[in-house]
Amino acid sequence: MTFTVFLFHLHFKNQMETVTMSTPDIAEVDQFRCRVDEIFQKVDKLEKKVNEVEQFYLNANKKKKSSSKGNSIREEQDKGRHVPSIKKQQQDASQRESAAAKRMQELMRQFGTILRQISQHKWAWPFMQPVDVKGLGLHDYYKVIEKPMDLGTIKNQMEAKDGTGYKNVRAICADVRLVFDNAMKYNEEGSDVHLMAKTLLEKFEEKWQLLVPKVTEEEKRREEEEAEAQLNMQLVREASHAKKVQAISNELYEVDTHLEQLRETVVQK
């Protein structure tokens, strides 16, 4: 209980004792008691609201202290910033996600060109479908290879329409590397398959490096957009709590007015 609320309760108690001792009219005493109880209830509600606001700003201050010093420049820029409504933020988020999805689809299309070029290489045929472990008698294959992968599976997953496909280009890149890493891990160095996998991996890395700047740029853009969205949401929360503070201030004034009226009643009695 806050100190102010404690004073309210103490003051009401004193008033209550004064009325019960000096007023013989029981009905009037009961009426006075009801008014005091109403104010007690209002003060309890105000106390909860105050605690919520205090907790919000306490958490906000902790986040600010844990953030880097460079954020102080950002905070100065954010002063006087227009705070979008929650509805506007939801609309912006939907548009942002839609635009990002289109950009990622374009990057995947470009990656698909790389994958097609690698798949058309004369040495790509051993990696186009899952390894026939049983047919080739590779009894220890799953002991050596934790996650089998092949170019055909990658292609199918890229074309999946049921939501199970790749969500970003780097995930596809990781699987392409896995195809050739698995081949080089299981087949001894100097063997045909090992040499073929190593050669195709090198060719893939050359082509991938040409696409990396675009992927990095998109990732940076997504990070900035996400940071912007989080900042806007924080501003909305702060604006909402500022309104709560104003409302609490008004209610406190109202309670103070009622308290003054009760005090005058006590004095008159």
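This report covers a pocket, a helix that lines it and one buried glutamine in a predicted model.

## The second largest pocket

The second largest pocket holds about 350 Å³ of space. Its lining is made up of 18 residues. Those nearest the pocket centre are Pro126, Phe127, Val131, Leu136 and Val193.

By residue class, the lining of this pocket comprises 13 nonpolar, three polar and two charged residues. Helix H7, residues 169–186, makes the greatest contribution to the lining, supplying four residues.

## Helix H7

H7 is 18 residues in length. From its first C-alpha to its last, the helix spans 26 Å, close to the 26 Å expected at 1.5 Å a residue. At its N-terminal end, H7 is capped by Asn168, where a side-chain oxygen lies 3.2 Å from the backbone nitrogen of Arg170.

The buried residues of H7 include Val169, Ile172, Cys173, Val176, Leu178, Val179, Phe180, Ala183 and Met184. Asp175 and Asn182 of H7 are buried as well.

## Gln110 in helix H4

Gln110 belongs to helix H4, which runs over residues 86–119. Its relative accessibility is 17%, so Gln110 counts as buried, the cut-off for that class being under 20%.

When neighbours within four places in sequence are left aside, the contacts of Gln110 are with Leu211 and Lys214.

Methods: Residues are numbered from 1 along each chain as its sequence is written. This is a predicted model: local features need pLDDT of at least 70, side-chain atom pairs count only at pLDDT 80 or more; totals for chains, interfaces and linings use all residues. Side-chain values use heavy atoms; hydrogens and water are left out. Helices (H or I, at least four residues) and strands (E, at least two) are DSSP runs, numbered from the N terminus. Buried means under 20% relative accessible area, exposed over 50%, partly exposed in between (1.4 Å probe, protein chains only). Contact means heavy atoms within 4.5 Å. On a 1 Å grid over the protein atoms alone, a cavity is a set of points where a 1.4 Å probe fits but cannot get out, and a pocket is an open set with protein on both sides within 12 Å along at least five of seven lines; lining residues have an atom within 4 Å of a point. Grid points are joined across faces, edges and corners, and a volume is the space filled by probe spheres set on the points. Ala, Val, Leu, Ile, Met, Phe, Trp, Tyr, Cys and Pro count as nonpolar, Asp, Glu, Lys and Arg as charged, and the others, Gly among them, as polar. The expected span of a helix is 1.5 Å times one less than its number of residues. A polar contact is a pair of N or O atoms within 3.5 Å; within protein, one must be able to donate a hydrogen and the other to accept it, and residues adjacent in sequence count only if both atoms are side-chain atoms.
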